[in-house]
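Subject: Structure handover

Hello,

Here is the structure you asked to have passed on. My notes on it follow below.

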Amino acid sequence: MRKEDVDYTLYLVTDSTPAILRDKNIYEVVEAALKGGVTCVQFRDKTSDTGELVRTARELHKLTRQYNVPLLINDRVDVALAVGCEGCHVGQDDMKLQDARRLLGPDAIIGVSANTLEEAIEACEGGADYLGIGAVYATTTKTNTKNILGPEGVRHILQGLADRGYVIPSVCIGGINAGNAQSVIMESRAPNRSLDGIAVVSVIMGSDDPEHSASRLLELVRDALPAKTRAADEDQLSPESAALYANIVKSVHDATPLSHNMTNLVVQNFAANVALAVGASPIMSNNGEEAPDLAKLGGALVINMGTVTPESLRNYVKALHAYNNADRPVVFDPVGAGASAVRRSALKTIMDSGYITVIKGNEGEIATVYRETSQTAGQGEHVQQRGVDSTSVLSPEEKAAMVTRLADRHNNIVVMTGKTDFVSDGSNTFAIDNGHEYLGMVTGTGCVLGTTISAMAAASSAAGQELFAVIAGILLFEIAAEVAAQRSDVRGPGTFVPAFIDELARLRSLAARGDSSWLQRAKLRDISQDI
Ligand code: 3NM
């Protein structure tokens with residue numbers, strides 16, 4: 001069973017003690033519970049000898065397999081290994097998650113108990129597959145429970161994880177029964193984040209009719225969990241796509257490619273810090289004379305004409321030639337392209353001087369590039385752009401069509417940023433709905449997106465990969481913005497900037513460890529068929 005397919009809705013933890021099981025047979029009780037619909041079983045026995053544990057676990061595994069339900073072993077990684085079941089569950093006093101992972105391997109399901117937000121974060125960072133949050137209520141089933149959390153304590157943990165961009169299946173445990181299951185689920189719900197199920201011991205293991213207890217509880221829990229709408233499911237990236245984009249981010253981390261920025265005076269420091277945060281090595285050289293040397297270092301060039309002068313234009317052209325000669329990617333940001341005749345002319349000079357791998361701009365900028373580089377350019381009227389700010393006049397359909405035609409015209413990739421971003425390579429066109437309004441309230445965020453894209457393009461300039469690299473850069477950038485904006489220490493656009501840099505670095509390091517869970521926030525749509 002694949003990890004992604006595990007259903008945590010009703011998670012049964014077994015108990016073999018006479019106080020709960022009484023004189024019933026554990027196999028009969030577990031089988032009845034499976035018939036009643038439990039979706040996951042954990043074998044928990046704190047007292048039996050190892051031989052007996054392995055024997056019982058093996059019998060239980062035969063049962064759970066018939067119902068296609070995973071069997072996890074509490075604490076005893078050796079028993080899980082001996083039986084070859086789906087995984088284990090470790091508490092805070094048990095074997096460390098990393099050791100369990102080393103023993104059981106990457107495909108095993110390993111859950112971790114968490115009583116505090118810190119423990120939950122540590123489990124997420126360590127690569128846990130799910131969390132058991134508890135104890136929600138006091139229970140006689142487990143005597144050494146720590147803090148009693150109540151639904152609000154569970155909510156605090158769920159919220160804290162969501163704020164940091166962790167997406168991990170979570171169940172809660174401790175004193176849950178048919179009377180309180182629904183209220184626990186509803187009262188622990190944080191904005192945009194809910195439990196995935198509940199875990200119980202005595203209410204099923206101690207029941208005279210475990211099948212009925214399980215089916216009744218399952219119905220209650222299903223009713224209380226937020227409906228997973230079809231639309232939400234369709235929006236979600238497939239595991240393969242998430243792995244593809246996370247891998248591109250990882251490749252930047254692994255290769256530390258050069259991001260050569262010829263950028264405007266306003267954003268130089270910000271761009272260098274963003275390059276570092278996403279794992280690239282920034283160099284902020286505006287001197288075209290050194291571009292031939294820098295182009296040989298396997299990186300990418302950003303030409304951002306935000307504060308263009310006749311001299312900087314000459315330098316851009318030299319650097320563009322150097323990067324074309326070295327066959328390395330060039331990202332062009334035509335900042336404020338429509339604002340003045342000087343900028344329209346600079347735009348044409350740059351576009352006519354060499355091959356641009358990625359053109360990235362807001363609606364006004366991309367519309368200007370579109371007009372100025374068309375065959376009939378100069379004959380039509382110019383649309384005057386005010387300053388370099390973004391304003392919108394085109395419909396989503398017009399934007400999508402424009403980026404597609406422009407990319408097709410130049411045989412490259414075009415990105416139009418905005419509330420929805422549009423990205424195309426001329427054949428494949430995507431819309432991205434991530435991001436946060438703070439990005440529009442801080443200067444230079446569009447420019448540093450160019451830097452981020454350059455890092456991704458540099459690390460994966462294999463033919464055919466450029467479009468995915470650009471999308472990976474946008475997703476990393478905008479998801480980091482969303483996560484940063486939700487942090488409790490962010491109170492506005494000022495505090496947003498350092499938090500944003502933190503989150504870029506953190507999501508990158510998650511990707512470097514093979515964790516693509518943050519990409520579940522991606523709102524990426526393939527709209528190629530609609531153009
Ligand atoms: N773990 P019942 S509470 C096994 O807090 C276990 O981590 C807990 O039993 C924790 O459903 C618990 O009978 C026992 O209350 C839960």
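A question to start with: why does Met95 count as partly exposed? The relative accessibility of Met95 is 31%, and partly exposed is the class between under 20% (buried) and over 50% (exposed), so Met95 falls into that class. Please keep in mind throughout that this is a predicted model.

Met95 sits in the loop that connects strand E4 (87-90) with helix H5 (97-104). Together with Leu81 and Leu103, Met95 makes up a nonpolar patch on the surface. The accessible area of these residues together is about 250 Å².

Overall picture

The protein chain has 531 residues, and 56% of them are buried. It contains 21 helices and 17 strands. Along the principal axes, the C-alpha atoms fill a box of roughly 90 × 40 × 40 Å. The accessible surface of the protein chain is about 22500 Å², and carbon and sulfur atoms contribute 49% of that. Among contacts with a separation of 6 or more, 71% are between residues 24 or more positions apart.

The barrel

Eight of the strands close into a barrel, in the order E1-E2-E3-E4-E5-E6-E7-E8, and the pairing is parallel. From one strand to the next, the twist averages 25°.

Strand E1 (residues 10-13) runs parallel to strand E2 (residues 40-43), and 3 bridges join them. In this pair, Tyr11 is opposite Cys40 of E2. E1 also pairs with E8, again in the parallel sense, over 3 bridges. Here Leu10 is opposite Ile198 of E8.

Strand E7 (residues 170-173) is joined to E8 by 3 bridges, and the two run parallel. Val171 of this pair stands opposite Gly197 in E8. Strand E8 itself covers residues 197-200. Gly197 and Ala199 point one way from E8, Ile198 and Val200 point the other way, and all of them are buried.

One helix to look at in this part is H6 (residues 117-125), which lies across strand E5 (109-114) and strand E6 (130-134). H6 runs at about 165° to E5.

The open sheet

A further 9 strands form an open sheet with mixed pairing, in the order E10-E9-E11-E12-E13-E14-E15-E16-E17. Strand E10 (281-283) and E17 are at the edges; each has a single partner strand, so one side of each has no neighbour in the sheet. The twist in this sheet averages 20° from one strand to the next.

Strand E12 (residues 330-333) is covered on both faces. Val330 and Phe332 are on one side, Val331 and Asp333 are on the other, and all are buried. E12 pairs in the parallel sense with strand E11 (residues 300-304) over 4 bridges. Val331 in E12 is the bridge partner of Val302. E12 also pairs in the parallel sense with strand E13 (residues 358-362), over 2 bridges. In that pair, Val331 stands opposite Val358 of E13.

Helix H15 (residues 310-325) lies across E11, E12 and strand E9 (258-262). The angle of H15 to E11 is about 155°.

Which way do the residues of strand E16 (residues 429-432) point? Thr429 and Ala431 go one way, and Phe430 and Ile432 go the other way. All of these residues are buried. E16 pairs in the antiparallel sense with strand E15 (residues 421-424) over 4 bridges, and Thr429 in E16 is the bridge partner of Ser424. E15 and E16 form a hairpin with 4 residues between the strands, where Gly426 takes a positive phi near 100°.

E16 is also joined to strand E17 (residues 524-526) by 3 bridges, and these two run antiparallel. Ala431 stands opposite Arg525 of E17.

If you open the model, three places to begin with are the patch around Met95, strand E8 in the barrel and strand E12 in the open sheet.

Regards

Key: Residues are numbered from 1 along each chain as its sequence is written. This is a predicted model: local features need pLDDT of at least 70, side-chain atom pairs count only at pLDDT 80 or more; totals for chains, interfaces and linings use all residues. Side-chain values use heavy atoms; hydrogens and water are left out. Two strands pair if DSSP finds at least two bridges between them. Axes are lines fitted to C-alpha atoms, for helices over the stretch in contact, and angles run from 0 to 180 degrees between N-to-C directions. Contact means heavy atoms within 4.5 Å. Patches are made of residues with over 30% relative accessible area and no salt bridge: like charges are joined within 9 Å, nonpolar side chains (Val, Leu, Ile, Met, Phe, Trp, Tyr) within 5 Å. Accessible areas come from the Shrake-Rupley method with a 1.4 Å probe; for residues, only the protein chains shown count as cover. A salt bridge is a side-chain nitrogen of Lys or Arg within 4 Å of a carboxyl oxygen of Asp or Glu. Buried means under 20% relative accessible area, exposed over 50%, partly exposed in between (1.4 Å probe, protein chains only).
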